[in-house]
Each structure stands twice: as structure tokens, then as C-alpha cells.
Amino acid sequence: MNRKIKFYDSHLHLLGLGYNESLIDLNAYKSIDSLITIKSSKELIIGRGWHQNNFIEKRYPTKHDLNKISSTKPIIFIRVCGHVLVCNDKAMKLANIDESSKQIEGGSFDFKTGVFTEDALSIIYSLIPIPTKEDIKDMFIKGNNILLKNNITNCASDDFSTLQVPYELIIECLEELYNNNLMHVSLYEQVNLPSKELLLDYINKGYHKKKFNGFRLGPLKLLADGSLGGHTAYLNEPYEDDKSTRGIKVFKDSELEELIYIADSNEMDVAVHAIGDGMIDIVLNGIEKSLKKTNRIHHRHSIIHAQLANRRQIKKMKELGVSVIVQPVFLNSDIPIIEKRIGKKRASESYLFKTMYNEGIRVGFSTDSPVEDVSPLDNIKIAMTRKSIKFPELGEFLPEEKFTYEESIECYTTNNFWLSYDK
């Protein structure tokens, strides 16, 4: 790799990178039998990085597995995607979850298995002690150092949602870090404000227009659905391997449309996490409705992930001027599950990142780290080969979607800089 290239990762979780340094890394465990041998002296045991496809058993771990590690300490094991976790009985007891507990909107939990998804994760996350200001700053510095080691000098990051703390504390920490020259990665914050009240508070305080040293506050980040691997990405038709579900909508359609409009009408761009084709339709519809009211021409609205965007939706993106922030590296883990999840026909219209590029849509590359390793190397390699490094025997997935090296570098640099260019 040319070390002179200044890479720009257009969607990751910088604070999460630093926070993950304190968690048990579950990525290396190849079976649930090995997972349950984990030992920890901590009173609250937290790990992240498991993927059921990496286990010999090819299934989710459950509370029954985690109970074998400890029945007296709460245990929280987060799936690699960050959209699903499993916890033991002790954790559910401390969180006041039992068989009669009511479900919440935008998420789900299963008392019998201990599996929680999407917005229901917050129930279990409430058990995690709130970090101090110095803890948060230390996490940011650790994340900064990891990026620099990987030749990433710029990033767009979602940090408001990583910890259960007020968004203004995150801004305060960043301001102090940059003013004291403790951060050296140029940061474009994707402001995760998932309610009308929070967004209006942010706008009314003028944050969307404030200038800072070393970092900028950027688009409204909305997490609209889940992940393909976790069966929580929202589809137009049921999952092939679970006909009982189409995934999860984190927002009601009207709520999502209103948030997009509030941001758009205040000259804020939106960057919306949408993986399933059902959610992509809803997001594009919301952006279209908003643009008809605001008549904004020079927006930089984007969809993050867009894995299951089909050719019809890609045409709509081009028409609306919507960009995409994609992660070719997701194919590393996803190639074995795509057809299982959505069937052969829908799989043939998935991960169409090169088609988007060829249509003239602005395509930016990112890793969504710590969901995937932050290094650009694997991301570029998979973009160029359309093969999984973990499962090379599975061959190329839609090889016509390969990028050239030059195109990959463009997506990792020029296009990402455009997405955050000061207007």
C-alpha cells in the first residue's frame, strides 16, 4: 500500500474502537464450547465480536451457555454487528426482565434464550456503569491511535450512541481533546440523535452551525434498521430462512420522515443506516418527500450500508442525488449467509456497490469499525476480488461488481472527502 495515501473512513465508531479495548474479544472463538471456557475476574463480564457463522455449532449462543460461565455475575456478549446481544439469567434479573416483561418498540428480546435486538439492547446496557469524562477521553485517544496506525487520517464517526451519556458530554470531551492537541485524526461527527426532542434541542442550541478546532459536527445519523446476519435488517418480503419475520423497523415511518425533514429544513444532511430493501424504500421515500418541501439542491444525504439495495432503488438514489457509504469488507463474513437469508433471486440484487458507482452515485468506502477491522487493506482487497478472506473456498460473489484498485482508492479518499466537504 502506498503510505502517502491519506485514507478517510466515512463511517465508523471512533469512541467504540477505544471502548472495545476494554472488552473481551469474542471474534477468535470458533465454537460455543470454547466460548463458555472464558474466565474473568470482573464483576460485569462484557464481550463483543461473536458471529454464529464462525462457530462450529452455527447457532447463536444463549443464556444457557452463558450461565455455564457464571450464574452469579452478569454476562453480556454482543454480536459483531452490534445489533444483537445475548446475556445470562443474572443480567436479565438485574435488568428486571422476566417471562411477563413487555416488549418495546424498535427491538425485541427473548427471555427463553436471552437474545436481545436493536432498541431492546438499551435494557441490558443500563447495567453498564456510566463512564467518567476522563474515561471517555481516554477511549477517544485509543481510537485515534488505532486509526493513525492504519494510515487513516480522517474519519466520519457515530459517537453519540456508543455510551449512555448526554450528547453534549461527547462534544465537550472532543473539544477539550482537540484544543489540547491530544487528537490528530480529523473527525466529522455523524450526530446520532434518534428522537425529535433531541434533534430540536441540538438545533435550538445552534450546534449544527458551530465551528470547532479539529473536528466538525456533520449529518444527522439515524439507525433505521438492523443487520442481515441478525435477521433485523428490514425487508420487503420475509427472510428466506425465517418466514416469520421481515426484520425490525427502529422508527415508525412517520417518525423517520419527520426527523429527515427537520434536519433537511435546517440544512443538515442525513446519513441513514439502512440495510434491508424495505427500509431503503422507506428512507428514499422520506428523503424525496423532504426535498420536495425544502427544494435543497446541494445536499449530501446518504444511506449507510445499502447492502440489499436493488437496481430499482439504485435508479431512485441517482434521481434524488443520494450517496452511499458502503462496506465491501462485510462480504468477508456475509458471503456464507446471503443466499440463506434472502434466497438466490434477491441475493443476485445485493451488495451492488459497483453498479451504484457505474450509475454515477457517489460511493464512499468505510469499515463500520469495530464491526470490522479498521484497516483499509481487507476492505480494498474484497472490493477488488468479491471474495471472502475467511471463506475463500466459497468463490467470488457477483464478480461483475468488482472495483479496480484505482476506483477503490477513489472511494476511500476523494468520494469520502466530498461527503463531508464544508458547504
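**A tour of two cavities and a sheet**

In this predicted model, the lining of the largest cavity is made up of six nonpolar, eight polar and four charged residues. To find that cavity, which has a volume of about 180 Å³, select Cys81, Ser227, Phe330, Asp334 and Val371, which are the closest to its centre among the 18 residues that line it.

Next, turn to the second largest cavity, whose volume is about 100 Å³. Here the selection to make is Tyr188, Gln190, Pro219, Ile325 and Leu419, since of the 15 lining residues these are the closest to the centre. If you then colour by secondary structure, the elements that give two or more residues to this lining are strand E1 (7-12), strand E9 (186-192), strand E11 (270-274) and helix H17 (414-419). By residue class, the lining of the second largest cavity divides into eight nonpolar, five polar and two charged residues. The count of cavities of 30 Å³ or more comes to two.

From the cavities, move to the open sheet, in which six strands lie in the order E2-E3-E4-E5-E7-E6 and the pairing is mixed. Select strand E2 (24-25) and strand E6 (107-110) to see its edges, where each of these strands pairs on one side only. Then select residues 84-87, which form strand E5, together with residues 115-118, which form strand E7: the two strands run antiparallel and are joined by three bridges. To look at a single bridge between them, pick leucine 85, whose partner in E7 is phenylalanine 116. When displaying such a pair, show the backbone, because the strands of a sheet pair through backbone hydrogen bonds.

Technical notes
Residues are numbered from 1 along each chain as its sequence is written. This is a predicted model: local features need pLDDT of at least 70, side-chain atom pairs count only at pLDDT 80 or more; totals for chains, interfaces and linings use all residues. Side-chain values use heavy atoms; hydrogens and water are left out. Two strands pair if DSSP finds at least two bridges between them. Helices (H or I, at least four residues) and strands (E, at least two) are DSSP runs, numbered from the N terminus. On a 1 Å grid over the protein atoms alone, a cavity is a set of points where a 1.4 Å probe fits but cannot get out, and a pocket is an open set with protein on both sides within 12 Å along at least five of seven lines; lining residues have an atom within 4 Å of a point. Grid points are joined across faces, edges and corners, and a volume is the space filled by probe spheres set on the points. Ala, Val, Leu, Ile, Met, Phe, Trp, Tyr, Cys and Pro count as nonpolar, Asp, Glu, Lys and Arg as charged, and the others, Gly among them, as polar.
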